[in-house]
Amino acid sequence: PGGGGCGCLVRAGAPPPPPPLQQTKARKRAVAWAALAIGVVCFAVAFLLNRKPAPSVVPPPPVAENKSAPAVVSAPAAAAPVVSDKSIAVLPFDNLSTDKDNGFFADGIHEDVLTALQNIRELRVISRTTVLQYREKTKPLPQIARELGVAYILEGSVRRAGNKVRVSAQLIDARTDAHVWSLPPGERELNDIFALQSELAKAIAGALKTVLSPQEKKLLERRPTENLAAYDLYLKARAVNSSTRADLQNREAWLQAAVELDPSFALAWAELANVHLFFKGAGLDTTPARLDKAKAALDQAIALAPGSPEVIRAGARYFGTGTGDRARANEQLQQLLRLQPNDTETRSELAFEQSVLGRWPEAIASRRTVTLLDPSNTQYASDLVFAYRLVRRYDEAIAEQRRLAALEPGQLFHSGFLAQLAFLATGSTREREELLAQLEVSSPPPPVVFRMRTERALSRRDYTEILRLDKETSATNPDQGKQRRGFLPDIDRATMVSGVLRVQGDLDGARVRLRDSAASLREGLEREPRNTQLLRQAAVVEAILGNREEALRRIAQAAEVNPEASSKIAGVRIAVVRTEVLAWIGEKDRAIEELARLLRIPSSLNIHEMKTELAYASLRGDPRFEALLNDPKNTAPLFCGNLRAGYCFCRGAARPRPFPERRGRA
């Protein structure tokens with residue numbers, strides 16, 4: 001035990017063997033001194049770990065243990081953050097070209113400059129997804145820098161006319177609003193664009209007093225292609241962020257044309273591999289032929305530039321999304337992180353792969369680091385909340401959700417989710433009731449309000465109210481089910497309502513309500529038989545309809561595509577849905593046994609939700625199910641809280657314990 005309220009201090013690794021039975025006096029004295037030394041070290045470690053280091057960004061407000069989150073969100077009061085002298089945000093470059101269709105070119109130059117700076121190990125560079133919100137630059141630069149937690153801002157513009165290009169850029173010390181450096185004015189030949197980008201990145205590194213390694217210089221000075229037409233096509237493809245079928249097809253065509261113009265264009269080959277993998281990841285094309293195309297493009301990229309960060313990243317995505325070899329994907333991302341230790345995109349992808357492998361302590365540590373490196377990125381904050389929720393660390397989830405709400409003030413979704421987290425943590429419905437009391441003013445209600453009303457009715461088992469809400473909103477707003485954020489999609493909503501009818505004994509009514517959804521799912525699975533989202537939904541629908549064998553077949557197909565052994569996110573999600581299927585079809589013993597197992601590992605299961613979950617209605621009253629709901633272990637966090645340097649250091653836990661799947665290690 002250490003000091004300062006330490007619950008446990010467990011060194012990662014196997015325990016040492018016991019000492020021999022016979023010892024000399026000298027050896028006993030040595031052992032005593034060693035024990036004393038170890039005690040001193042433990043106390044020192046405990047003291048250091050309990051100290052609160054100066055935050056590099058604004059920390060979230062503390063959350064009292066076992067307290068409910070407030071329903072109304074307000075921005076947390078924050079002290080001035082400590083900002084690194086080597087931190088920079090590259091704002092989107094303005095497109096000053098007469099031809100506004102050249103916007104993709106300005107965006108491409110911006111992304112290439114940002115990527116070049118990310119290749120410098122000493123620099124902390126804010127991600128492109130975060131800085132894009134400042135495209136209009138309506139705020140003063142010092143304010144933008146404070147929001148992003150950086151010392152320097154780079155802003156610039158691009159003007160292209162024919163084979164001439166003019167790039168302007170200036171570096172601002174946002175702490176003093178002082179001009180530090182600017183790119184010498186003048187037009188350049190278009191074929192000088194790579195030299196210009198290299199010059200810009202080196203000048204910024206020099207201004208920030210950064211020493212470049214030989215490898216970093218090589219990356220900054222590279223020329224991806226000598227064919228400017230191929231480069232244009234590459235930038236065009238990269239500028240499209242959508243993953244719709246039409247956009248992916250356009251990207252594929254542009255990149256295929258680029259590599260035909262320049263077969264030695266390694267970055268275009270890597271991006272082409274990514275596009276093929278996006279088809280698979282989006283469920284638009286999961287055929288072996290698509291994966292073969294991704295492999296062929298990746299092989300070309302590796303042959304041309306095996307050490308390029310873009311090629312290594314494409315390899316990680318191929319192993320992760322393509323073949324499901326998560327260990328290889330993890331290795332690739334670790335290699336990439338050695339090149340770009342402060343790149344948030346790399347750390348975020350690594351966190352995902354760690355989660356899939358079930359390495360939750362490492363995954364959460366990675367996500368914490370990402371939010372520190374890029375504190376205003378709402379997606380990274382959401383990912384961290386999701387991870388905290390899965391491992392039942394609700395206090396941390398609430399704190400991060402509050403910080404996220406402060407980043408997007410006025411968003412009702414965040415207030416609703418804070419109320420939901422309070423319910424998951426303690427079973428308290430007070431926060432939801434207070435929020436609903438403030439918001440029940442419009443008809444039809446906003447999607448988030450409809451969802452909260454539905455959750456309230458479920459918690460009260462007021463099934464009549466759920467049917468009334470469904471009828472009311474369907475009549476007043478037929479497009480309501482198409483809302484994407486904070487609302488039940490059409491099929492999920494139909495499933496819930498039909499579940500209510502089934503619980504009430506109205507099987508015919510359930511079949512009528514699910515008729516269209518069941519037809520849509522069956523049609524979708526004919527096109528995409530390995531789409532696990534469709535398979536999960538179809539399994540529940542068939543179970544509610546009483547089609548036992550079809551329900552079991554669909555959930556088995558989903559598990560075959562994403563087995564739990566190879567995916568601790570998708571596979572576990574399928575296992576949770578399996579418990580619902582088993583409960584609906586009357587397999588109570590198997591359902592309860594599976595629920596007991598899943599409550600011991602990170603999953604979406606929560607005992608407060610389980611008490612009112614429609615699928616588990618048939619399990620209520622069973623002593624085994626009730627025992628699960630009343631077992632304190634099923635509400636406790638799944639692993640010790642503070643993990644640093646291979647140690648598990650717990651505070652405030654009644655019975656701290658290591659993560660169950662990695663027992664003996666932190």
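**Exercise 1.** In this predicted model, determine how helix H16 and helix H17 are oriented towards each other, and describe the residues through which they pack.

*Solution.* Begin with the geometry: H16, spanning residues 394-407, packs against H17, spanning residues 412-426, at an angle of about 170°, and their axes lie 10 Å apart. Next, compare this angle with the cut-off, since angles over 145 degrees count as roughly antiparallel; H16 is therefore roughly antiparallel to H17. Then turn to the contact, to which H16 contributes Tyr-394, Ala-397, Ile-398, Gln-401, Arg-402, Leu-404 and Ala-405, while H17 contributes residues including His-414, Phe-417, Leu-418 and Leu-421. Finally, sort the residues of this contact by character, which gives 11 nonpolar, two polar and one charged.

**Exercise 2.** Carry out the corresponding analysis for helix H21 and helix H23.

*Solution.* The angle between H21 (residues 490-503) and H23 (residues 532-544) is about 20°, with the axes 10 Å apart. Because angles under 35 degrees count as roughly parallel, H21 and H23 are roughly parallel to each other. The crossing in which H21 passes H23 is left-handed. On the H21 side the contact is made by Ile-491, Asp-492, Thr-495, Ser-498, Gly-499 and Arg-502, and on the H23 side by Gln-537, Val-540, Val-541, Ala-543 and Ile-544. By character, the residues of this contact divide into five nonpolar, four polar and two charged.

**Exercise 3.** Decide whether Thr-344 is buried or exposed, and list the residues that Thr-344 touches beyond four places away in sequence.

*Solution.* Locate Thr-344 in helix H13, which covers residues 344-356. The relative accessible area of Thr-344 is 1%, and a value under 20% counts as buried, so Thr-344 is buried. Leaving aside residues up to four places away in sequence, Thr-344 touches Ser-127, Val-370, Leu-373, Asp-374 and Tyr-380.

Methods. Residues numbered from 1 in each chain as written. Predicted model: local features only at pLDDT ≥ 70, side-chain atom pairs only at ≥ 80, totals over all residues. Heavy atoms only, no water. Axes fitted to C-alpha atoms, helices over the stretch in contact; angles between N-to-C directions. Helix = DSSP H or I, 4+ residues; strand = E, 2+ residues; numbered from the N terminus. Parallel < 35°, antiparallel > 145°, perpendicular 65-115°, else oblique. Left-handed = near helix turned anticlockwise from the far one by under 90°. Contact = heavy atoms within 4.5 Å. Nonpolar A, V, L, I, M, F, W, Y, C, P; charged D, E, K, R; others polar. Buried < 20%, exposed > 50% of the residue type's maximum accessible area, 1.4 Å probe, protein only.
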